[in-house]
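Trainee: I am new to this structure. Please take me through one part of it closely, and set out the contacts there in a connected way.

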Number of protein chains: 2
Amino acid sequence: MNEPKSLFLPEDALGIVTDLYQLTMAAGYFEQEMQDTATFELFVRTLPKNRSYLIVAGLEQVLHYLTHVRFSSESIHYLRTLPIFHHVSNNFFEYLKNFSFSGTLYAMPEGTVAFAGEPLLRVTAPIIEAQIVETYLLSTINFQTSIATKASRIVYAARGRDVIDFGTRRAHGPQAGVLAARACFLGGCNGTSNVFAAFKLGIPAVGTIAHSWVMAFENELNSFCKFHETFPDNTLLLIDTYNTLLGAKHAAMIGKKLKGVRIDSGDLINLSREVRKILDGEGLHHARIVGSGDLNEERIDELMRNGAPIDSFGVGTEMVTSKDAPALGGVYKLVEQEHKGKSIPRMKFSEDKITYPCKKQVYRAKDDYGNIIKDVMGLEGEKNEGMPLLVLGIKDGKICYHLPSIHEIQYNASENLSHLPASFKRLKDAESYPVIKSQLLEQKRQETEKKLRNQL
Amino acid sequence: MNEPKSLFLPEDALGIVTDLYQLTMAAGYFEQEMQDTATFELFVRTLPKNRSYLIVAGLEQVLHYLTHVRFSSESIHYLRTLPIFHHVSNNFFEYLKNFSFSGTLYAMPEGTVAFAGEPLLRVTAPIIEAQIVETYLLSTINFQTSIATKASRIVYAARGRDVIDFGTRRAHGPQAGVLAARACFLGGCNGTSNVFAAFKLGIPAVGTIAHSWVMAFENELNSFCKFHETFPDNTLLLIDTYNTLLGAKHAAMIGKKLKGVRIDSGDLINLSREVRKILDGEGLHHARIVGSGDLNEERIDELMRNGAPIDSFGVGTEMVTSKDAPALGGVYKLVEQEHKGKSIPRMKFSEDKITYPCKKQVYRAKDDYGNIIKDVMGLEGEKNEGMPLLVLGIKDGKICYHLPSIHEIQYNASENLSHLPASFKRLKDAESYPVIKSQLLEQKRQETEKKLRNQL
């Protein structure tokens, strides 16, 4: 009988976790003896609907990948069998055997507030290497940035109340649940239900009981008492299995040691008020109310505007899939090439898409209060007063970046957001933050486009 | 310096890839000496907008997980450190050391056409085991089913033209890209750009060049010739880097050996027509046109209705994120419990959610032409003429199911869909397929609810 496949990522063969065309191009460059150094930039052309900024996330997994990407003999053997590689020389496969990333990475640190068009990563490496890594980099940054951004909106709506990630069951596979837990914490969440993520990241693991616990006992009260026996200091009870208000009364019977209750369905505004009354009526002012069930930033905003006495929000599906904008359209484009010691700017200008050429840097301007007011996208190294946002991550294949802890990143993200004026953070109809191209960059673009059009 | 973390799933500790509450409940059941056998069913309450059926997917990874789920000593050590487990006895952690899944799984085979409310999986096991596995099962089935379903809609819209998965870069992390590639193939795609997925699954890997190849050479024509040198039999060229029609002319200069061209931007209807004319004008009738760029079932349907001469569609973001419906709301609910040799039906009836009690089976009725016309959801073992859809997957922790190949699954999915009348497959405003509860099941529900309400 066939063994079922896990399809877990191959730690020794991350090189083939890529699109085939990266490898055909790699073979092509190899066969053409093109040893140019190329610079690619990863950026998001247009922000999704209702997004006015991004919280950059995923750099740590990018650093892991770039320092671990290899081709196992088994994976090379597979490539050799593909008809498309039929005319490719043996030397290329020998090259893959010793493949590792030897280039340079500049990146916006995780937790940076970024905007459309700005490079989040800049890779400079032999063109083959820079090409092969594209797919993994995109999928890592696109996903985590998308989720960290969504989480930051939800945390913003919660106005200081706790937000917990409950989303693994609805994430795009078990691995996405782990990465989402990381991105959510980075975006401001207080913990996750995902035990493995909590373990590996050193962040709070949260959770007590589900409906099945309540259903597994003779009746609700009995199930609550049994739970309290085993978890006397952590008795947070789910009260909506049968009837929420009756559930609140049953929970209150636990007495002073009751830590809180969770409501997972129904009209949370009214139910939370009624439940609060029941708990307060029994003197259980300290008992917390957790709200959950298809929550997102809009619903939480509504709950808060209506003064719902909810202390903590458990958010799942909507956050870990960024449901209203489930994909971030990050792209990775060639912007410069060193050919025989000469730098050649590169760009694309098809019908509806244009890219700016050359190695770029983003310079961020602040006002006297520390608020960020404008970004200038210019050439790397040009004179500019703003603070450069892209920092060195990898040089000659080696990490030369002090990895912050996830707590530091969370702090930085929150600090950065606090300096973004409120008009840019509104959940809907936020103002568009000004990102300006420097004169030098604009000039370069015009020159390059003219030159390329002449060559067409 | 800290090492960057991969956050890859821990093959030796899949037990902690779960929500914390599964483990607190497990500890609670353990401490309460509750050794009841429980049955949980996984089902989708309501289908997402514009979905009228599901293509079930993910069972193979569920089988892998259920036969591999363990707790490593390191993961148990971590659990011991959590304050919430403070009062839990040492015996529970000893129990986790030897944990494995010893239960029974019934499942709809992958590729089955399923509908709202129908159990896709049914797990019967000691309640602790059945509880711990919930999160992983949900996230596996929810994701792959969601993507296989989306892919089947896209393939349906393509009316027999090829559909290729190009989505890894926009999937929810690199692992999600691999699982999506599997689900897309299962749902009817012809191949994937994801090399690792193609390798592991034995399905076609597809892809030639990106814009960067074209940009990396002196000019477009030069880049095309260079590619043709290395890949004489697989020269499929991307022609929209600068100007699509000029690109088509450059591609045509390759001559008879040109395999095809890809258009990735602009008005695909008009461009594909113009490009076809250019190719045909050079006698390159055999050269294929691939269309890509933000395609989904609606856009492909529009292209096909307008007779766009596109032979193959490369679909990414929209398919691998199921962008219009990025989450499937599968749930996993306790439906029955063996307590001291007695079967107790279990159900939930909170304000807005109800579950049906007891072990269920889905019986599918066909008309004389083999078309499926109605499902009856009844009790396991009840007399019913329809074909039962849930089959045995695991018994006493061991797989007893012949794993079909991915090609067989794809064939089955396509066969099954071909017997679903067209009115249920319309991309929009499809009819709702009738799923009826059997009399016996309805009776059980009423009895159980009455009994539970009396106990409240």
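Mentor: What follows deals with the contacts, going from the chains to the domains and ending with a few strands.

The model is predicted, so to speak of a local feature requires pLDDT of at least 70 and side-chain atom pairs count only at pLDDT 80 or more, while totals for chains, interfaces and linings use all residues. Residues are numbered from 1 along each chain as its sequence is written, and chains are lettered from A and ligands numbered from 1 in the order in which they are written.

A turn of 180° with a shift of 0.0 Å along the axis lays chain A on chain B with an RMSD of 0.0 Å (a least-squares superposition on the C-alpha atoms of residues with pLDDT of at least 70 in both). This is how a two-fold axis relates two copies.

Between the chains, 111 residues of chain A are in contact with 111 residues of chain B (contact means that the C-beta atoms, placed from the backbone, lie within 7 Å). On the side of chain A that touches chain B, helix α1 of chain A, residues 20-31, gives the most, with eight residues (helices are DSSP runs of H or I with at least four residues, strands are runs of E with at least two, and both are numbered from the N terminus). That side of chain A divides into 50 nonpolar, 41 polar and 20 charged residues (Ala, Val, Leu, Ile, Met, Phe, Trp, Tyr, Cys and Pro are nonpolar; Asp, Glu, Lys and Arg are charged; the others, Gly among them, are polar). Of the interface residues of chain A, 100% are also interface residues in chain B, so the copies meet through the same surface.

Within chain A, domain 1 covers 14-147 + 325-455 and domain 2 covers 148-320 (the bounds come from an automatic or database domain assignment). Their centres, taken over C-alpha atoms, are separated by 38 Å. The contact between them takes 19 residues from domain 1 of chain A and 24 residues from domain 2 of chain A. On the domain 1 side, the elements of chain A giving two or more residues are β2 (54-55), α6 (134-157) and α15 (406-418). The largest share of that side, six residues, comes from α15(A). Its residues divide into ten nonpolar, six polar and three charged.

In chain B, strand β6 (residues 162-165) runs parallel to strand β11 (residues 312-315), joined by four bridges (strands pair if DSSP finds at least two bridges between them). There V163(B) has F313(B) as its bridge partner.

Conventions
Two residues are in contact if their C-beta atoms, placed from the backbone, lie within 7 Å.
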